[in-house]
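Here is an informal walk through one structure, meant to be read with the model open beside you. Have a look at it first, then read on.

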Amino acid sequence: MPETKKFNIISIGSATRDVLMKSEQFRIIEDKSFATGQGECFALGSKIEINEIVFTSGGGGTNASVTFSRQGLKTACIGTIGEDRDGEEIIDELAKEGVNTDYFQRNSEENATRTAYSVILVHPSAERTILSYKGEGQHFSVAKIPFDKLETDWLFLDSLGGHYDLLETAVKWARSKDIKIATNPGGKEIEHGLDKLKILIENADIMIMNQEEAAKISGIDYKKEEGVFKFMDGLVKGIFIMSKGPDGVAVSDGKNIYRAGIPDSPVVERTGAGDAFSSGFVAEYIRSGDIEKAIQFATANASSVVAKFGAKAGILRAGDWGPWPLVKVEQTQL
(Lines give C-alpha, C1' and ligand atoms only; values in the text may rest on other atoms or scores of the structure.)
Protein backbone atom coordinates (compact mmCIF):
# COMPACT_ATOMS: atom_id res chain seq x y z
CA MET A 1 0.00 0.00 0.00
CA PRO A 2 1.45 3.41 -0.98
CA GLU A 3 2.42 5.69 1.88
CA THR A 4 0.39 8.80 2.62
CA LYS A 5 1.35 11.75 0.42
CA LYS A 6 0.00 15.29 0.31
CA PHE A 7 -1.30 16.65 -2.98
CA ASN A 8 -2.72 19.94 -4.21
CA ILE A 9 -5.36 18.04 -6.19
CA ILE A 10 -6.42 14.46 -6.83
CA SER A 11 -8.28 13.60 -10.03
CA ILE A 12 -10.59 10.57 -10.05
CA GLY A 13 -12.02 9.54 -13.39
CA SER A 14 -11.76 7.61 -16.63
CA ALA A 15 -8.53 6.40 -18.20
CA THR A 16 -8.38 5.13 -21.78
CA ARG A 17 -5.90 4.28 -24.49
CA ASP A 18 -6.78 6.26 -27.62
CA VAL A 19 -5.87 5.91 -31.26
CA LEU A 20 -6.86 8.78 -33.55
CA MET A 21 -7.14 8.19 -37.29
CA LYS A 22 -7.74 10.88 -39.89
CA SER A 23 -8.62 10.15 -43.49
CA GLU A 24 -9.59 12.23 -46.49
CA GLN A 25 -11.84 9.31 -47.47
CA PHE A 26 -14.17 9.66 -44.48
CA ARG A 27 -17.52 11.11 -45.57
CA ILE A 28 -20.37 12.83 -43.73
CA ILE A 29 -23.87 11.91 -44.83
CA GLU A 30 -27.24 13.28 -43.74
CA ASP A 31 -29.41 10.53 -42.27
CA LYS A 32 -32.15 10.95 -39.66
CA SER A 33 -31.65 7.37 -38.47
CA PHE A 34 -28.46 8.54 -36.70
CA ALA A 35 -28.85 10.17 -33.27
CA THR A 36 -27.13 13.34 -34.49
CA GLY A 37 -28.84 13.37 -37.89
CA GLN A 38 -25.50 12.73 -39.59
CA GLY A 39 -23.17 9.80 -40.08
CA GLU A 40 -19.43 9.57 -40.58
CA CYS A 41 -18.95 6.90 -43.22
CA PHE A 42 -16.50 5.07 -45.46
CA ALA A 43 -16.86 2.50 -48.21
CA LEU A 44 -17.79 -0.99 -47.01
CA GLY A 45 -15.42 -3.72 -48.16
CA SER A 46 -12.67 -1.34 -49.30
CA LYS A 47 -9.27 -0.38 -47.94
CA ILE A 48 -9.26 3.17 -46.50
CA GLU A 49 -6.05 5.20 -46.51
CA ILE A 50 -5.27 6.83 -43.16
CA ASN A 51 -3.45 10.16 -43.55
CA GLU A 52 -2.56 10.66 -39.91
CA ILE A 53 -2.51 8.40 -36.85
CA VAL A 54 -1.73 9.21 -33.21
CA PHE A 55 -1.58 6.92 -30.16
CA THR A 56 -2.11 8.61 -26.81
CA SER A 57 -3.88 8.32 -23.48
CA GLY A 58 -7.31 9.76 -22.90
CA GLY A 59 -10.20 9.79 -20.48
CA GLY A 60 -11.38 12.76 -18.44
CA GLY A 61 -9.53 11.76 -15.30
CA THR A 62 -6.11 11.53 -16.96
CA ASN A 63 -6.68 14.55 -19.21
CA ALA A 64 -7.53 16.76 -16.24
CA SER A 65 -4.58 15.49 -14.22
CA VAL A 66 -2.13 16.51 -16.95
CA THR A 67 -3.51 20.05 -17.00
CA PHE A 68 -3.14 20.25 -13.22
CA SER A 69 0.41 18.91 -13.29
CA ARG A 70 1.53 21.15 -16.17
CA GLN A 71 0.16 24.11 -14.21
CA GLY A 72 2.48 23.30 -11.33
CA LEU A 73 0.03 21.56 -8.99
CA LYS A 74 1.16 18.44 -7.13
CA THR A 75 -1.26 15.99 -8.71
CA ALA A 76 -2.41 12.39 -8.34
CA CYS A 77 -4.73 10.54 -10.68
CA ILE A 78 -6.89 7.56 -9.77
CA GLY A 79 -8.36 5.44 -12.55
CA THR A 80 -8.69 1.79 -13.44
CA ILE A 81 -6.83 -0.21 -16.09
CA GLY A 82 -6.28 -3.82 -17.10
CA GLU A 83 -3.10 -5.82 -16.73
CA ASP A 84 -2.00 -5.13 -20.28
CA ARG A 85 0.36 -3.01 -22.32
CA ASP A 86 -2.28 -0.37 -23.01
CA GLY A 87 -2.67 0.19 -19.27
CA GLU A 88 1.07 0.46 -18.80
CA GLU A 89 1.25 3.01 -21.62
CA ILE A 90 -1.24 5.18 -19.72
CA ILE A 91 0.78 4.88 -16.51
CA ASP A 92 4.05 5.63 -18.33
CA GLU A 93 2.60 8.72 -20.01
CA LEU A 94 1.23 10.11 -16.74
CA ALA A 95 4.54 9.45 -14.98
CA LYS A 96 6.35 11.49 -17.63
CA GLU A 97 3.89 14.32 -16.91
CA GLY A 98 4.73 14.23 -13.20
CA VAL A 99 1.34 12.78 -12.21
CA ASN A 100 1.32 10.33 -9.29
CA THR A 101 -0.33 7.00 -10.23
CA ASP A 102 0.28 5.03 -7.02
CA TYR A 103 -3.45 4.62 -6.42
CA PHE A 104 -4.47 3.36 -9.87
CA GLN A 105 -6.54 0.18 -9.88
CA ARG A 106 -5.38 -2.84 -11.88
CA ASN A 107 -7.58 -5.88 -12.28
CA SER A 108 -5.58 -9.09 -12.62
CA GLU A 109 -8.41 -11.48 -11.77
CA GLU A 110 -9.43 -14.25 -14.15
CA ASN A 111 -12.52 -12.36 -15.32
CA ALA A 112 -10.60 -9.13 -15.94
CA THR A 113 -11.14 -7.23 -19.17
CA ARG A 114 -8.74 -5.04 -21.11
CA THR A 115 -7.91 -1.40 -20.47
CA ALA A 116 -10.56 0.94 -21.89
CA TYR A 117 -9.79 1.76 -25.53
CA SER A 118 -11.14 4.32 -28.01
CA VAL A 119 -10.76 4.50 -31.76
CA ILE A 120 -11.38 8.10 -32.85
CA LEU A 121 -12.18 8.58 -36.54
CA VAL A 122 -11.40 12.17 -37.48
CA HIS A 123 -13.11 13.76 -40.49
CA PRO A 124 -11.22 16.49 -42.44
CA SER A 125 -13.74 19.00 -41.00
CA ALA A 126 -12.34 18.21 -37.49
CA GLU A 127 -15.55 16.47 -36.42
CA ARG A 128 -15.05 12.94 -35.20
CA THR A 129 -16.73 9.70 -34.20
CA ILE A 130 -15.50 7.77 -31.17
CA LEU A 131 -15.68 3.97 -31.00
CA SER A 132 -15.51 3.33 -27.27
CA TYR A 133 -14.64 0.06 -25.51
CA LYS A 134 -15.19 0.55 -21.77
CA GLY A 135 -13.27 -2.53 -20.58
CA GLU A 136 -11.88 -2.11 -17.08
CA GLY A 137 -13.15 1.45 -17.04
CA GLN A 138 -16.57 0.18 -16.00
CA HIS A 139 -15.17 -1.73 -13.01
CA PHE A 140 -14.18 1.17 -10.76
CA SER A 141 -14.15 -0.12 -7.17
CA VAL A 142 -14.64 2.22 -4.23
CA ALA A 143 -13.23 -0.49 -1.95
CA LYS A 144 -9.85 -0.26 -3.70
CA ILE A 145 -9.37 3.47 -3.09
CA PRO A 146 -7.45 4.00 0.17
CA PHE A 147 -9.17 7.23 1.23
CA ASP A 148 -7.50 7.00 4.65
CA LYS A 149 -4.14 7.33 2.87
CA LEU A 150 -5.05 10.35 0.76
CA GLU A 151 -4.37 13.97 1.65
CA THR A 152 -5.23 16.78 -0.73
CA ASP A 153 -6.51 20.35 -0.87
CA TRP A 154 -8.82 19.69 -3.83
CA LEU A 155 -10.66 16.69 -5.27
CA PHE A 156 -11.62 16.65 -8.95
CA LEU A 157 -14.36 14.15 -9.85
CA ASP A 158 -14.79 13.37 -13.53
CA SER A 159 -16.61 10.44 -15.13
CA LEU A 160 -16.87 7.57 -12.63
CA GLY A 161 -18.62 5.13 -14.94
CA GLY A 162 -21.87 5.61 -13.09
CA HIS A 163 -20.56 4.08 -9.84
CA TYR A 164 -22.76 5.92 -7.38
CA ASP A 165 -21.14 4.30 -4.34
CA LEU A 166 -17.82 5.79 -5.39
CA LEU A 167 -19.33 9.23 -5.98
CA GLU A 168 -21.13 9.24 -2.64
CA THR A 169 -18.12 7.98 -0.68
CA ALA A 170 -15.73 10.43 -2.32
CA VAL A 171 -17.98 13.43 -1.61
CA LYS A 172 -18.56 12.45 2.03
CA TRP A 173 -14.83 11.82 2.54
CA ALA A 174 -13.89 15.17 1.01
CA ARG A 175 -16.38 17.08 3.10
CA SER A 176 -15.26 15.31 6.31
CA LYS A 177 -11.70 16.47 5.59
CA ASP A 178 -12.60 20.03 4.47
CA ILE A 179 -11.34 19.20 0.98
CA LYS A 180 -12.73 21.40 -1.80
CA ILE A 181 -14.58 19.60 -4.60
CA ALA A 182 -14.56 20.39 -8.32
CA THR A 183 -16.53 18.16 -10.66
CA ASN A 184 -17.38 17.62 -14.30
CA PRO A 185 -19.70 14.61 -14.03
CA GLY A 186 -19.95 12.17 -16.90
CA GLY A 187 -23.02 10.99 -18.75
CA LYS A 188 -23.59 8.00 -16.49
CA GLU A 189 -23.51 10.27 -13.45
CA ILE A 190 -26.07 12.58 -15.08
CA GLU A 191 -28.32 9.55 -15.68
CA HIS A 192 -28.68 9.10 -11.91
CA GLY A 193 -30.99 12.11 -11.95
CA LEU A 194 -31.40 15.13 -9.74
CA ASP A 195 -32.34 13.43 -6.47
CA LYS A 196 -29.30 11.15 -6.36
CA LEU A 197 -26.94 13.84 -7.67
CA LYS A 198 -27.92 16.41 -5.06
CA ILE A 199 -25.14 15.20 -2.75
CA LEU A 200 -22.62 16.19 -5.43
CA ILE A 201 -24.37 19.34 -6.66
CA GLU A 202 -24.88 20.80 -3.20
CA ASN A 203 -21.35 20.04 -2.00
CA ALA A 204 -19.39 21.09 -5.08
CA ASP A 205 -17.22 24.18 -4.84
CA ILE A 206 -17.01 24.15 -8.65
CA MET A 207 -19.70 22.35 -10.70
CA ILE A 208 -19.19 22.09 -14.47
CA MET A 209 -21.79 20.85 -16.98
CA ASN A 210 -22.69 21.50 -20.56
CA GLN A 211 -26.11 22.93 -21.40
CA GLU A 212 -27.52 19.59 -22.54
CA GLU A 213 -26.52 17.91 -19.26
CA ALA A 214 -27.89 20.78 -17.17
CA ALA A 215 -31.18 20.64 -19.09
CA LYS A 216 -31.46 16.91 -18.44
CA ILE A 217 -30.88 17.37 -14.70
CA SER A 218 -33.26 20.33 -14.43
CA GLY A 219 -36.01 18.86 -16.59
CA ILE A 220 -36.20 22.19 -18.45
CA ASP A 221 -36.18 22.37 -22.25
CA TYR A 222 -32.63 22.60 -23.60
CA LYS A 223 -33.56 25.64 -25.69
CA LYS A 224 -34.57 27.63 -22.59
CA GLU A 225 -31.00 28.51 -21.69
CA GLU A 226 -31.82 31.18 -19.11
CA GLY A 227 -34.24 28.91 -17.25
CA VAL A 228 -31.81 25.98 -17.23
CA PHE A 229 -28.98 28.14 -15.95
CA LYS A 230 -31.12 29.80 -13.26
CA PHE A 231 -32.41 26.44 -12.00
CA MET A 232 -28.95 24.90 -11.69
CA ASP A 233 -27.44 28.03 -10.20
CA GLY A 234 -30.08 27.88 -7.48
CA LEU A 235 -28.95 24.37 -6.53
CA VAL A 236 -25.17 24.81 -6.67
CA LYS A 237 -23.82 26.50 -3.55
CA GLY A 238 -20.40 27.07 -5.10
CA ILE A 239 -19.45 28.17 -8.62
CA PHE A 240 -21.68 26.86 -11.43
CA ILE A 241 -20.28 26.66 -14.94
CA MET A 242 -22.47 25.85 -17.95
CA SER A 243 -20.69 25.45 -21.27
CA LYS A 244 -22.73 26.18 -24.40
CA GLY A 245 -20.62 24.80 -27.21
CA PRO A 246 -20.03 27.39 -29.95
CA ASP A 247 -21.95 29.95 -27.86
CA GLY A 248 -19.30 29.99 -25.14
CA VAL A 249 -19.90 29.69 -21.41
CA ALA A 250 -21.92 31.13 -18.53
CA VAL A 251 -20.52 31.10 -14.97
CA SER A 252 -22.12 32.11 -11.67
CA ASP A 253 -20.63 32.49 -8.21
CA GLY A 254 -24.00 33.24 -6.64
CA LYS A 255 -23.41 36.99 -6.81
CA ASN A 256 -22.42 37.66 -10.41
CA ILE A 257 -22.83 36.03 -13.81
CA TYR A 258 -19.83 35.91 -16.14
CA ARG A 259 -20.36 35.25 -19.84
CA ALA A 260 -17.79 34.67 -22.55
CA GLY A 261 -17.69 33.47 -26.13
CA ILE A 262 -15.02 31.37 -27.79
CA PRO A 263 -12.11 32.67 -29.88
CA ASP A 264 -11.82 32.14 -33.60
CA SER A 265 -8.99 29.61 -33.48
CA PRO A 266 -7.97 26.70 -35.74
CA VAL A 267 -9.47 23.29 -35.03
CA VAL A 268 -7.69 20.05 -35.92
CA GLU A 269 -10.00 17.81 -33.87
CA ARG A 270 -12.11 18.32 -30.77
CA THR A 271 -11.26 15.39 -28.49
CA GLY A 272 -10.55 16.59 -24.95
CA ALA A 273 -11.81 20.16 -25.41
CA GLY A 274 -14.29 19.87 -22.55
CA ASP A 275 -11.70 18.31 -20.25
CA ALA A 276 -9.22 21.06 -21.12
CA PHE A 277 -11.75 23.77 -20.32
CA SER A 278 -12.86 22.21 -17.04
CA SER A 279 -9.40 21.48 -15.72
CA GLY A 280 -8.07 24.79 -17.00
CA PHE A 281 -10.73 26.69 -15.08
CA VAL A 282 -10.05 24.72 -11.88
CA ALA A 283 -6.27 25.11 -12.16
CA GLU A 284 -6.39 28.88 -12.66
CA TYR A 285 -9.04 29.34 -9.98
CA ILE A 286 -6.87 27.44 -7.49
CA ARG A 287 -3.95 29.68 -8.43
CA SER A 288 -5.62 33.09 -8.47
CA GLY A 289 -9.16 32.81 -7.15
CA ASP A 290 -10.15 35.05 -10.08
CA ILE A 291 -13.16 33.78 -12.06
CA GLU A 292 -12.51 36.02 -15.07
CA LYS A 293 -8.93 34.82 -15.39
CA ALA A 294 -10.08 31.23 -14.87
CA ILE A 295 -12.53 31.54 -17.79
CA GLN A 296 -9.83 33.06 -19.98
CA PHE A 297 -7.25 30.40 -19.18
CA ALA A 298 -9.79 27.59 -19.54
CA THR A 299 -10.72 28.91 -22.98
CA ALA A 300 -7.06 29.23 -23.99
CA ASN A 301 -6.36 25.67 -22.80
CA ALA A 302 -9.31 24.27 -24.77
CA SER A 303 -8.33 26.28 -27.87
CA SER A 304 -4.81 24.89 -27.67
CA VAL A 305 -6.03 21.31 -27.29
CA VAL A 306 -8.33 21.37 -30.33
CA ALA A 307 -5.47 22.75 -32.44
CA LYS A 308 -3.58 19.44 -32.09
CA PHE A 309 -4.30 15.73 -32.35
CA GLY A 310 -5.28 14.01 -29.11
CA ALA A 311 -6.59 15.26 -25.79
CA LYS A 312 -3.22 16.08 -24.21
CA ALA A 313 -0.77 17.34 -26.84
CA GLY A 314 -2.06 20.91 -26.68
CA ILE A 315 -2.48 21.24 -22.92
CA LEU A 316 -0.76 24.45 -21.82
CA ARG A 317 2.08 24.68 -19.33
CA ALA A 318 2.49 27.11 -16.44
CA GLY A 319 3.08 30.65 -17.69
CA ASP A 320 2.05 29.78 -21.26
CA TRP A 321 -1.36 30.98 -22.42
CA GLY A 322 -0.52 30.18 -26.02
CA PRO A 323 -1.13 32.50 -28.99
CA TRP A 324 -4.85 32.68 -28.31
CA PRO A 325 -6.42 36.13 -27.73
CA LEU A 326 -7.99 36.47 -24.29
CA VAL A 327 -11.74 36.14 -24.52
CA LYS A 328 -13.84 39.07 -23.39
CA VAL A 329 -15.71 38.29 -20.19
CA GLU A 330 -18.90 40.21 -19.43
CA GLN A 331 -19.92 40.44 -15.79
CA THR A 332 -23.38 41.29 -14.47
CA GLN A 333 -24.80 41.19 -10.95
CA LEU A 334 -27.49 38.67 -10.10
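Helices here are DSSP runs of H or I at least four residues long, and they are numbered from the N terminus. By that count, D92 belongs to helix α2, which covers residues 85-96. Keep in mind throughout that this is a predicted model.

**Starting at D92**

Is D92 buried, exposed or in between? Its relative accessible area is 31%, so D92 is partly exposed, given that buried means under 20% and exposed means over 50%. Along the sequence, D92 and S57 are 35 residues apart, while their C-alpha atoms lie 9.8 Å from each other in space.

**A covered helix**

Helix α1 spans residues 60-70, and eleven of its eleven residues are buried. The buried set includes the charged-type residue R70 as well as N63, T67 and F68. Just after α1 comes G72, with a positive phi of about 90°.

**The strands around β1**

Strand β1 (residues 5-12) has parallel partners in two strands. With β11 (residues 150-157) it shares seven bridges, and in that pairing I12 stands opposite L157. With β6 (residues 75-78) it shares four bridges, where I10 has A76 as its bridge partner.

**Two nonpolar cores**

Which residues touch the most other members of the largest nonpolar core? They are I12 and L155, in a core of 43 residues. Helix α3 (residues 164-176) gives the most to this core, seven residues in all. There is also a second, separate core of 38 residues, and A294, A302, V305 and V327 are among its members. As a general point, nonpolar side chains in soluble globular proteins tend to be buried together.

L155 is a handy residue to click on. Setting aside neighbours within four places in sequence, L155 is in contact with I10, I12, A170, W173, A174, I179, K180, I181 and A182. Two of the names in that list, I10 and I12, come up in the β1 pairings above, I10 opposite A76 and I12 opposite L157.

**β14 and its neighbours**

Strand β14 (residues 239-243) is largely enclosed by the rest of the structure, because four of its five residues are buried. It pairs with β13 (residues 206-210) in parallel through five bridges, and M209 has M242 as its bridge partner there. With β15 (residues 249-252), β14 pairs in the antiparallel sense over four bridges, and I241 stands opposite V251. β14 and β15 form a hairpin with five residues between them, and G245 in the turn has a positive phi of about 60°.

**T299 in helix α9**

T299 sits in helix α9, residues 291-306. At 6% relative accessibility, T299 counts as buried. Not counting residues up to four places away in sequence, T299 touches G261, P263, F277 and V327. V327 is also one of the residues in the second core.

**Two residues with positive phi**

Most residues other than glycine have a negative phi. Here are two non-glycine residues that go the other way.

| Residue | Phi | Place | Relative accessible area |
|---|---|---|---|
| A126 | near 90° | loop between β9 (117-122) and β10 | 0%, buried |
| D178 | near 55° | loop between α3 and β12 (180-183) | 70%, exposed |

So what about their surroundings? A126 is buried, with a relative accessible area of 0%, whereas D178 is exposed at 70%.

**The second largest pocket**

How much space lies in the second largest pocket? About 470 Å³. It is lined by 13 residues, and those closest to its centre are T36, Q38, E127, R128 and T129. Strands β4 (38-41) and β10 (128-133) each supply at least two residues of the lining, with the largest share, four residues, coming from β4. By type, the lining divides into five nonpolar, five polar and three charged residues.

Methods:
Residues are numbered from 1 along each chain as its sequence is written. This is a predicted model: local features need pLDDT of at least 70, side-chain atom pairs count only at pLDDT 80 or more; totals for chains, interfaces and linings use all residues. Side-chain values use heavy atoms; hydrogens and water are left out. On a 1 Å grid over the protein atoms alone, a cavity is a set of points where a 1.4 Å probe fits but cannot get out, and a pocket is an open set with protein on both sides within 12 Å along at least five of seven lines; lining residues have an atom within 4 Å of a point. Grid points are joined across faces, edges and corners, and a volume is the space filled by probe spheres set on the points. Buried means under 20% relative accessible area, exposed over 50%, partly exposed in between (1.4 Å probe, protein chains only). A nonpolar core is a set of buried Ala, Val, Leu, Ile, Met, Phe, Trp, Tyr and Cys residues joined through side-chain atoms within 4.5 Å. Contact means heavy atoms within 4.5 Å. Two strands pair if DSSP finds at least two bridges between them.
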